[in-house]
Amino acid sequence: MILACQNISKAFGIDEVLKDIQFHIEEHEKAAIVGINGAGKSTLLKIIMGEEAADSGQVILGKDKTIGYLAQEQGHSYENTIYEEMLSVKQHIIDLDQQIRQAEQEMKHAEGAVLETLLNSYTRLTHEFETANGYAYKSEINGVLKGLGFTEADYNTKISTLSGGQKTRVALGRLLLSQPDVILLDEPTNHLDMNSIAWLEGYLGSYAGAVLIVSHDRYFLDRIVTKIVELEHGKSRVYNGNYSWYAARREEIRASELKAYLNQQAEIQHQEEVITKLRSFNREKSIRRAESREKLLDKMEVIEKPQEVRDAMQIRLEPEVESGMDVLLAEHLSKTYGANCLFQDITFDIKRGERVALIGDNGTGKTTILKIINKYIPKDAGRIILGSRVKIGYYDQEHQVLSPEKTIFQEISDAYPALTNTRIRNVLAAFLFTGDDVFKQIKDLSGGERGRVSLAKLMLSSANLLILDEPTNHLDITSKEILENALCRYTGTVLYVSHDRYFINRTATRILDLTGQHLNEYKGNYDYYLEKKDVVEETYAKSQSASGTSGTLSSPQPAPADNSKADWQAKKEEQSRIRKKANDLKRLEEAIAGLEERSREIDDELCRPEIATDAPRCMALAREQEKIAAELEEQYARWESLAE
């Protein structure tokens, strides 16, 4: 056990947020804290870090263990550049390197006992340097920064000039490089694109320490964690498994608890009716039997009624009019800002009933495409053709379609003047705005509240083409699931931009990947996209090479078609070749790991006093070490060749 929370309770005024929270984290374990917005997840992390005081209970950290924390918002503004800030984490290695260089200079002129002392010091320093990964710390910094989406051109940027999201990424990089025994992460994926999230998944999955995450990114949790701590109604419950396992098990438990409660209530009612009937007989024997049953009822341990999860949003999306089969055609679209060409000559179409996800790295122009379709910004070239009877409903991630000075009630009533006050009240109540909440001004709302207002307007629009820009931002997991279910039931057409891979996996029927200024098409969900991504990109690269055109000029390259037997056979052969290469690499890596492990064992043996005095044994081990070193050189060369 490396971290434990024992009977943690915390109240703000009369609002008891946490009640006797209990769980523990083992060494190397990856766990998540989940719950709706306001459940106390961030508060619990702050209590663990000592930034908030618990009303009762205690947090226990293993002896001599270090802990690091990434908050959602970064309050500090450093004057360092990005690279200087990362280097500061490795200052102990830089100091060791300077001490080693100093020792080398001093040894040039030392003799006798002084030289021996310097040699001992030099040996100790170099051992510490190697143990601290001193020879590769710059590569480690580069790997983390590039993994988090920074380019070398960003390295000399002052942190004080960065946006809040960029500062959070810098703080995350600093935390990962410091390598504490326990990492606490509060919404670490909020400011990362898909490639950076995928990199972070791999990094945390192989991280030697323990990790405790608060996140609404269900796909991220599925890939990393093996334990879920659920916070609900102030109490905690622990599930051993990833998010999908937890979600299924949670529903089973809730159904079981409700069934047990209803069965017991039925039994209590039945016994009370029998007791009443027995007493109505007014005979000594029947009265004794009634009293006996009453005693049994009094001793019964009454099951508490399971609490509702929450008052949830009620989204019902339904088009007023059915559109034609051809909903939208974008032909030869291009858009450039100054010297920055976002995309050029891209073409795609959308048919009725499709749910199309537009994905890609930050800054590739996804939101720009949606705004061009909605005529909020002009295109440089190309055309947009809407099909017959198409009516667009637009959800803007920045909520610029909302008027900051209006109240929530005015926003809805001005957009839909035909609605009665009662109808507006009912709609807003469905999106959790009740009582005087409806008179709050838009500018005073949180991101999640603005999102709910935008969703309410979208529901009332009765559009048959929904265009959504990051619709799950600021929504908790329960609200995301409600939106997913609404979109899956929707009979119209959907085009959306999202970084939420779980959301994409559940809702998308087709994916358009905006990469390298062109579009690649995948006729399936996110899992299908991951399976086919390498094949499609390789196919696109070959087509560009064959045609001699620039890779930045392209119409969509669909996933390999199944139109002909030859194409199908070629695709299968290519997939087989890739699988074989991956298997060969895996076997080779296992062999290298075995040799490296044996080499370390020999080093350990040579350090043992009884071996050091056994000359024949030392020579045998030395020969084995030489043989392993030669074999490793050969294996490394093979690995490099295969990896290329």
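**Exercise 1. Burial and surface**

Find what share of the 644 residues in the chain is buried, and which atoms supply 48% of the exposed area.

*Solution.* Work on the predicted model. Buried here means under 20% relative accessible area. Buried residues make up 44% of the chain's 644 residues. Now turn to the surface. The chain exposes about 33,600 Å². Carbon and sulfur atoms supply 48% of that area.

**Exercise 2. Overall build**

State how many helices and strands the chain has, what it spans along its principal axes, and what share of its contacts join residues at least 24 apart.

*Solution.* Start with the elements: there are 20 helices and 18 strands. Next, the extent. The C-alpha trace spans about 105 × 85 × 55 Å along its principal axes. Then the contacts. Take those between residues at least 6 apart in sequence; 68% of them join residues at least 24 apart. Finish with charge. The chain carries 82 positive and 102 negative charges, and their mean positions lie 7 Å apart.

**Exercise 3. Confidence**

Give the mean pLDDT of the chain, then say how many contacts residues 549–564 have beyond near neighbours in sequence.

*Solution.* The mean pLDDT is 85, and 92% of residues reach 70 or more. Residues 549–564 fall below 50. That stretch still has 45 contacts in the model beyond near neighbours in sequence.

**Exercise 4. Positive phi in two strands**

Locate H332 and D345, and decide whether each is buried, partly exposed or exposed.

*Solution.* Take H332. It sits in strand β10, residues 326–337. Its phi is near 55°, positive although the residue is not glycine. Its relative accessible area is 44%, so H332 is partly exposed.

Take D345. It belongs to strand β11, residues 340–351. Its phi is near 60°, again positive in a non-glycine residue. Its relative accessibility is 29%, so D345 also counts as partly exposed.

**Exercise 5. The faces of α13**

Work out why the buried residues of α13 line one face of the helix, and name the helices they pack against.

*Solution.* List the buried residues of α13 (421–430): I424, V427, L428 and A430. Seen down the helix axis, they fall within an arc of 155°, so they line one face. Recall the geometry: an α-helix has 3.6 residues a turn, so residues three or four places apart point the same way. Check the other side of α13, where N421 and T422 are exposed. Now find the partners. The buried residues pack against α12 (408–415) and α14 (447–461). Last, step past the helix end: just after α13, L432 takes a positive phi of about 75°.

Note on methods: Residues are numbered from 1 along each chain as its sequence is written. This is a predicted model: local features need pLDDT of at least 70, side-chain atom pairs count only at pLDDT 80 or more; totals for chains, interfaces and linings use all residues. Side-chain values use heavy atoms; hydrogens and water are left out. Helices (H or I, at least four residues) and strands (E, at least two) are DSSP runs, numbered from the N terminus. Buried means under 20% relative accessible area, exposed over 50%, partly exposed in between (1.4 Å probe, protein chains only). Contact means heavy atoms within 4.5 Å. Accessible areas come from the Shrake-Rupley method with a 1.4 Å probe; for residues, only the protein chains shown count as cover. Lys and Arg count as positive and Asp and Glu as negative; His and the chain ends are not counted. The place of a charge is taken as NZ of Lys, CZ of Arg, CG of Asp or CD of Glu. pLDDT is the predictor's confidence in each residue, from 0 to 100. The arc is that of the directions from the helix axis to the C-beta atoms.
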